[in-house]
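Okay, thanks for letting me go early today. I'd like to walk you through one structure, and I'll try to keep the jargon down.

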Amino acid sequence: MNTTRDSQVTANNERVQTLRPPVDVMEDEHGIVLHADMPGVASEDLNISVEDKVLRIEADARLDTPDEMKAVYAEFRTPRYVREFSLSGELDAQKIDATLRNGLLVLKIPKHEHAKPRKISVNVR
Amino acid sequence: MASVTSRSGAWFDPFEQLRREMDSLFESSFGPASIRSPARGAFPAVNVGISPESVDVYLFLPGLDPEKLDVSLEDHVLTVSGERPPTEGDGRVYLRERFSGAFTRAINLPDEVDPENSRAEYRNGVLRVSFGRRQEARVRRIEVK
């Protein structure tokens with residue numbers, strides 16, 4: 001059973017299959033770093049938005065295909081990527097840094113300054 | 001080589017029908033799979049398409065250095081191998097879904113591919129290997145007079 005495929009209804013009221021791109025998510029002292037595999041996506045087809053603390057990544061994959069090409073074998077069949085994450089309060093959604101290169105999306109979501117871990121020095125008297 | 005246009009609708013329409021056929025194919029088991037059949041969910045995913053002038057193989061390999069890919073053709077089997085290191089990071093890991101490590105895919109190509117007429121291109125994380133089809137195999141339109 002394939003659990004990475006969902007469907008959504010588009011503006012034309014068509015039901016479209018979508019694919020959740022596989023991600024690596026890590027956290028360090030600066031914030032969250034997310035890597036997402038999105039082959040076939042160019043930056044003009046990528047949409048990243050945050051609304052109500054929900055990060056939404058959406059993109060359409062496109063492939064160059066010759067005229068009159070017929071599919072013989074296809075493991076990758078779903079052209080639309082969609083994935084959502086809820087962001088906790090200490091993350092600063094206004095400062096998301098996104099880079100897309102070779103179909104790999106890297107998102108850096110920093111923590112609010114005040115949320116970063118701070119060493120509290122102890123004065124000894 | 002054939003002219004190339006970018007029409008995502010054209011690509012995915014034929015695959016949609018194929019998807020339905022393949023889903024039903026995999027659901028029922030009949031006979032042994034080809035010895036070269038990949039496991040489901042293998043990395044990278046592969047698509048193969050045939051057009052009048054070419055055979056095109058697409059491998060979905062985001063975030064790679066194309067120089068480190070090994071692409072070879074022997075006896076109509078196209079083999080693509082490489083390695084993708086795991087994502088670096090010092091901190092806590094919450095999710096690790098992306099494939100990492102060495103990979104290799106072997107794809108059976110139809111007999112009529114012309115090894116002398118081939119091209120490979122890596123764009124947006126998709127490796128596309130194209131082969132011309134031998135003259136004899138090309139579809140020839142027969143005019144009805």
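I'll go through one chain's layout, then the cores, some rings, two residues worth a look, and the empty spaces. One thing up front: this is a predicted model, so please keep that in mind throughout.

Let's begin with chain B. How many helices and strands are there in chain B? There are one helix and nine strands. If you follow the sequence along, you meet them as β-α-β-β-β-β-β-β-β-β. Chain B has 145 residues, and 35% of them are buried. Now take the contacts in chain B between residues at least 6 apart in sequence: 55% of these join residues at least 24 apart.

Next, the inside. Here's a bit of background: in soluble globular proteins, nonpolar side chains tend to be buried together. In our model, the largest nonpolar core has 27 residues. Which of them touch the most other members? Those are A:L34, A:M38, A:I57 and A:Y81. As for the elements that give two or more residues to this core, from chain A we have β3 (23-27), β4 (31-37), β6 (54-60), β9 (80-86) and β11 (104-110), and from chain B there is β3 (54-60). So that you can find your way, just click on A:M38. Leaving out residues up to four places away in sequence, A:M38 touches A:P21, A:L46, A:I57, A:A59, A:Y81, A:G103 and A:L105, plus B:P62 and B:N124 from the other chain. There is also a second, separate core, with 20 residues, and B:F43, B:L61, B:V80 and B:F103 are included in it.

On to the rings. Over all chains, the structure holds five aromatic pairs. One of them is A:F76 with A:Y81, a tilted pair with 6.2 Å centre to centre and 40 degrees between the planes. Are these two buried or exposed? With a relative accessible area of 7%, A:F76 is buried, and A:Y81 is buried too, at 2%.

Another pair is B:F43 with B:F99, and this one is stacked: 4.5 Å centre to centre, 10 degrees between the planes. What I like here is that the pair links distant parts of the chain, 56 residues apart. B:F43 is in the loop between α1 (8-27) and β2 (45-50) of chain B, while B:F99 is in the loop between β6 (92-96) and β7 (101-108) of that chain. B:F43 has a relative accessible area of 16%, so it counts as buried, because the cut-off for that is under 20%. B:F99, at 30%, is partly exposed. And one more thing on rings: A:F76, A:Y81 and B:F60 are linked by ring pairs into a cluster.

Now two single residues. A:D37 lies in strand β4 of chain A, and it is buried, with a relative accessible area of 5%. Its contacts, again without residues up to four places away in sequence, are A:P21, A:P22, A:Y81, A:G103 and A:L104, along with B:P62, B:R84 and B:R98. If you go from A:D37 to A:R56, you move 19 residues along the chain, and their C-alpha atoms are separated by 15 Å.

The other residue is A:V106, in strand β11 of chain A. A:V106 is buried as well, at 15% relative accessibility. With the sequence neighbours up to four places away set aside, A:V106 touches A:V33, A:L34, A:H35, A:D97, A:A98 and A:T99. Measure across from A:V106 to A:F85 on your screen: C-alpha to C-alpha they are 15 Å apart in space, and 21 residues apart in sequence.

Last topic, the empty spaces. Rolling a probe the size of a water molecule over the atoms shows where empty space is left. A search of the whole structure finds two cavities of 30 Å³ or more, and the largest has a volume of about 110 Å³. Which residues line the largest cavity? From chain A they are A:G40, A:R62, A:L63 and A:D64, and from chain B they are B:Y58, B:E121, B:R123, B:N124, B:V126 and B:R128. The elements giving two or more residues to that lining are β8 (113-123) and β9 (126-133) of chain B. By type, the lining has three nonpolar, two polar and five charged residues.

Then there's the second largest pocket, with about 300 Å³ of space. It is lined by 13 residues, and B:G63, B:R84, B:P85, B:P86 and B:T87 are the closest to its centre. That lining divides into four nonpolar, three polar and six charged residues.

That's all from me, thanks!

Key
Residues are numbered from 1 along each chain as its sequence is written. Chains are lettered from A and ligands numbered from 1 in the order in which they are written. This is a predicted model: local features need pLDDT of at least 70, side-chain atom pairs count only at pLDDT 80 or more; totals for chains, interfaces and linings use all residues. Side-chain values use heavy atoms; hydrogens and water are left out. A nonpolar core is a set of buried Ala, Val, Leu, Ile, Met, Phe, Trp, Tyr and Cys residues joined through side-chain atoms within 4.5 Å. Buried means under 20% relative accessible area, exposed over 50%, partly exposed in between (1.4 Å probe, protein chains only). Helices (H or I, at least four residues) and strands (E, at least two) are DSSP runs, numbered from the N terminus. Contact means heavy atoms within 4.5 Å. Rings of Phe, Tyr and Trp (its six-membered ring) pair if their centres lie within 6.5 Å; planes under 30 degrees apart count as stacked, over 60 as edge-to-face and the rest as tilted. On a 1 Å grid over the protein atoms alone, a cavity is a set of points where a 1.4 Å probe fits but cannot get out, and a pocket is an open set with protein on both sides within 12 Å along at least five of seven lines; lining residues have an atom within 4 Å of a point. Grid points are joined across faces, edges and corners, and a volume is the space filled by probe spheres set on the points. Ala, Val, Leu, Ile, Met, Phe, Trp, Tyr, Cys and Pro count as nonpolar, Asp, Glu, Lys and Arg as charged, and the others, Gly among them, as polar.
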